[in-house]
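Me: I'm new to this one, and I'd like to see the reasoning behind the labels people put on it. Could you walk me through a few?

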Amino acid sequence: MSVTPDYLEGNGTDVYTPEEWLDEVVDTSSGETIQEGTPMDAEHFNHMEQGIHNNSMMLAIFLEYLRHAQQSLESVDGEEIEVTLTNAGGFYFNDSVQTVALSNMRSTTEYRVLTEIQGNTVNAGDIVVYDKQVNGFKIAHTGSAESVKVRCFVQGGGAA
């Protein structure tokens, strides 16, 4: 037999109503029962167990919500890094690749690197980010410019 608490059967409150437990009070001289105590039976214990179970479920849901909120905040918050890419390879041979270390190690490589060229963009080409690791990434430009200053915004990936 299953006992479902009133608030789950549709009493309209959606709130757990605690059981009011009473001690049995007996007059010691006459043996007369002055107050009936709350019976210790399956109905009352199951009511208590349902309350404990439902509170545990609500806590688990809340903790999952909190974990998702934390991940959302981490995906917005990030770090800013400035890198100067230099190309000594001449017009056709670009050797501007640099490895960039992250100041905050990530728990995954699922982070974003948004790039913005600072200053002169002539012959910079495209900015390429690749080979991402939890502690850094590689960056290069594809043009023939001798020097390209890049601001990188790193977001997401979770904290390690």
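Reply: Sure, here are some labels and the values behind them, keeping in mind that this is a predicted model.

Me: Why is leucine 73 called exposed?

Reply: The cut-off for exposed is over 50% relative accessible area. Leucine 73 comes out at 58%, so it counts as exposed. You'll find leucine 73 in helix 1, which covers residues 42–76. Its C-alpha atom is separated by 8.6 Å from that of glycine 156, although their positions lie 83 residues apart along the chain.

Me: What makes tryptophan 21 and phenylalanine 45 an aromatic pair?

Reply: Ring centres have to lie within 6.5 Å, and these two are 6.1 Å apart centre to centre, so they qualify as a pair. The structure holds 1 aromatic pair, and tryptophan 21 with phenylalanine 45 is it.

Me: And why is that pair called tilted?

Reply: Planes under 30 degrees apart would be stacked, and over 60 would be edge-to-face. The angle here is 35 degrees, so the pair falls into the remaining class, tilted. The pair links distant parts of the chain: tryptophan 21 belongs to the segment before strand 1, phenylalanine 45 to helix 1, and they are 24 residues apart.

Me: Are those two rings buried, exposed or partly exposed, and how do you know?

Reply: Buried needs under 20% and exposed needs over 50%. Tryptophan 21 has 36%, so it is partly exposed. Phenylalanine 45 has 34%, so it gets the label partly exposed too.

Me: How do you know that strand 3 and strand 8 pair?

Reply: At least two bridges are required. Strand 3 and strand 8 have 9, in the antiparallel sense, so they pair. One of the contacts puts threonine 84 with lysine 149 as its bridge partner, and glutamate 79 stands opposite valine 154. Strand 5 and strand 8 are antiparallel as well, over 8 bridges, with isoleucine 117 and valine 150 as bridge partners.

Me: What makes strand 3 and strand 5 edge strands?

Reply: The open sheet runs in the order 3-8-5. Strand 3 (78–86) and strand 5 (111–118) each pair on one side only. From one strand to the next, the twist averages 25 degrees.

Me: What makes lysine 132 a charge over the ring of tyrosine 111?

Reply: The distance part of the rule asks for within 6 Å of the ring centre. Lysine 132 lies over the face at 4.8 Å, so it meets that limit. Arginine 106 lies over the face of tyrosine 111 too, at 5.9 Å from the ring centre, so it also fits within 6 Å.

Terms used
Residues are numbered from 1 along each chain as its sequence is written. This is a predicted model: local features need pLDDT of at least 70, side-chain atom pairs count only at pLDDT 80 or more; totals for chains, interfaces and linings use all residues. Side-chain values use heavy atoms; hydrogens and water are left out. Helices (H or I, at least four residues) and strands (E, at least two) are DSSP runs, numbered from the N terminus. Buried means under 20% relative accessible area, exposed over 50%, partly exposed in between (1.4 Å probe, protein chains only). Axes are lines fitted to C-alpha atoms, for helices over the stretch in contact, and angles run from 0 to 180 degrees between N-to-C directions. Rings of Phe, Tyr and Trp (its six-membered ring) pair if their centres lie within 6.5 Å; planes under 30 degrees apart count as stacked, over 60 as edge-to-face and the rest as tilted. A charge sits over a ring if NZ of Lys or CZ of Arg is within 6 Å of the ring centre and within 35 degrees of the ring normal.
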